[in-house]
Amino acid sequence: MKLFLDTADIEEIRTIHSWGVLDGVTTNPTLFGKTKGMTYDEVLQLICSITKGPVSAEVVADDVEGMLREGRHFAKLADNIYVKVPMSENGLAAMAGFRAEGIKTNCTLIFTANQGLLAAKAGASLLSPFVGRLDDINEEGMTVIRELVEIVTIHELETEVLTASVRHPRHVTDAALAGSHIATLPFKVFQQMVHHPLTDKGIVQFKRDWEAARAAADDSARKETAKVG
Ligand code: E4P
């Protein structure tokens with residue numbers, strides 16, 4: 001399973017890349033809005049210089065021509081750019097256009113398996129169902145992941161299910177068990193996945209025991225030296 005980082009923050013991307021677990025990055029206008037001092041193009045180019053995995057760049061136009069114009073521009077920034085297109089009637093037409101031009105797309109804002117099926121047929125390389133936002137409105141986000149993975153598998157569709165809007169580590173485990181090809185995680189969820197109270201406590205205990213054992217060994221060596229002397 002591939003793990004993407006859901007951020008436009010360069011330091012966060014550098015950190016997760018340094019752990020050796022970064023397969024790609026997803027950005028959106030909200031995440032870009034949290035960065036400072038760089039244009040969206042500059043942020044995207046910097047991200048693409050850190051990871052060679054897919055980097056999603058989201059269009060904001062809502063007409064087909066506008067989406068195509070923005071997407072073509074993003075696609076020229078780096079080879080690993082995936083144009084993120086919202087699920088809509090115009091979005092489907094734009095994704096079909098991008099497919100004809102050989103530009104990879106990530107269909108975003110998917111909330112049902114049927115939306116995912118349409119996006120796959122229109123040529124989206126990645127399908128992004130939002131599990132957290134569904135859970136937020138008392139629905140079961142993971143059901144869409146399970147259904148969509150099954151549909152993609154049964155019909156051998158050339159696309160990948162990317163679990164998005166991840167809120168906590170349990171979402172990652174459930175997405176992996178459901179066969180989701182990718183999950184995109186906020187930085188905090190990567191950190192939460194690393195830690196367990198028993199792991200952290202065990203590290204402290206092993207260090208303390210090692211230091212005590214070294215001190216005891218040094219003490220007994222000192223006593224031996226004193227006896228010989
Ligand atoms: C990623 O592609 C999505 O834009 C992102 O996961 C949305 O997450 P949110 O629901 O926490 O904003």
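The largest pocket is lined by 23 residues, and D6, N28, L31, S165 and P186 are the ones nearest its centre. Two elements, α2 (29-33) and β5 (105-110), each give two or more residues to that lining. The model is a predicted one.

**The largest pocket and its ligand**

The volume of the largest pocket is about 390 Å³. Its lining divides into seven nonpolar, nine polar and seven charged residues. The ligand takes up this space: where it sits is the largest pocket.

Which residues surround the ligand? They are D6, T26, N28, K84, F130, R133, A164, S165, R167 and T184. Sorted by class, this shell holds two nonpolar, four polar and four charged residues. D6, N28 and S165 appear both in the shell and among the residues nearest the pocket centre.

**Polar contacts to the ligand**

Three side chains of the shell place a polar atom 2.7 Å from an oxygen atom of the ligand: K84, R133 and R167.

| Side chain | Ligand atom | Distance |
|---|---|---|
| K84, N or O atom | oxygen | 2.7 Å |
| R133, N or O atom | oxygen | 2.7 Å |
| R167, polar atom | oxygen | 2.7 Å |

How much of the ligand does the protein bury? Taken alone, the ligand exposes 340 Å². The protein buries 84% of that area.

**The second largest pocket**

Another pocket ranks second in size. The second largest pocket holds about 180 Å³ of space. Its lining is made up of R99, G102, I103, K104, T105, A120, K121, G123, A124, S125, L157 and E158. By class, that lining has four nonpolar, four polar and four charged residues.

**In brief**

The ligand occupies the largest pocket, whose volume is about 390 Å³. K84, R133 and R167 each have a side-chain atom 2.7 Å from a ligand oxygen. Of the 340 Å² that the ligand exposes alone, 84% is buried by the protein. The second largest pocket, with about 180 Å³, has residues such as R99, K104, K121 and E158 in its lining.

Note on methods. Residues numbered from 1 in each chain as written. Predicted model: local features only at pLDDT ≥ 70, side-chain atom pairs only at ≥ 80, totals over all residues. Heavy atoms only, no water. Near = heavy atom within 4 Å. Polar contact = N/O pair within 3.5 Å; in protein donor to acceptor, adjacent residues only side chain to side chain. Areas by Shrake-Rupley, 256 points an atom, 1.4 Å probe, with all protein chains shown as cover. 1 Å grid on protein atoms, 1.4 Å probe; cavity = no way out; pocket = protein on both sides within 12 Å on 5 of 7 lines; lining within 4 Å. Sits in = over half its atoms within 2 Å of the grid points. Nonpolar A, V, L, I, M, F, W, Y, C, P; charged D, E, K, R; others polar. Points joined across faces, edges and corners; volume = space filled by probe spheres on them. Helix = DSSP H or I, 4+ residues; strand = E, 2+ residues; numbered from the N terminus.
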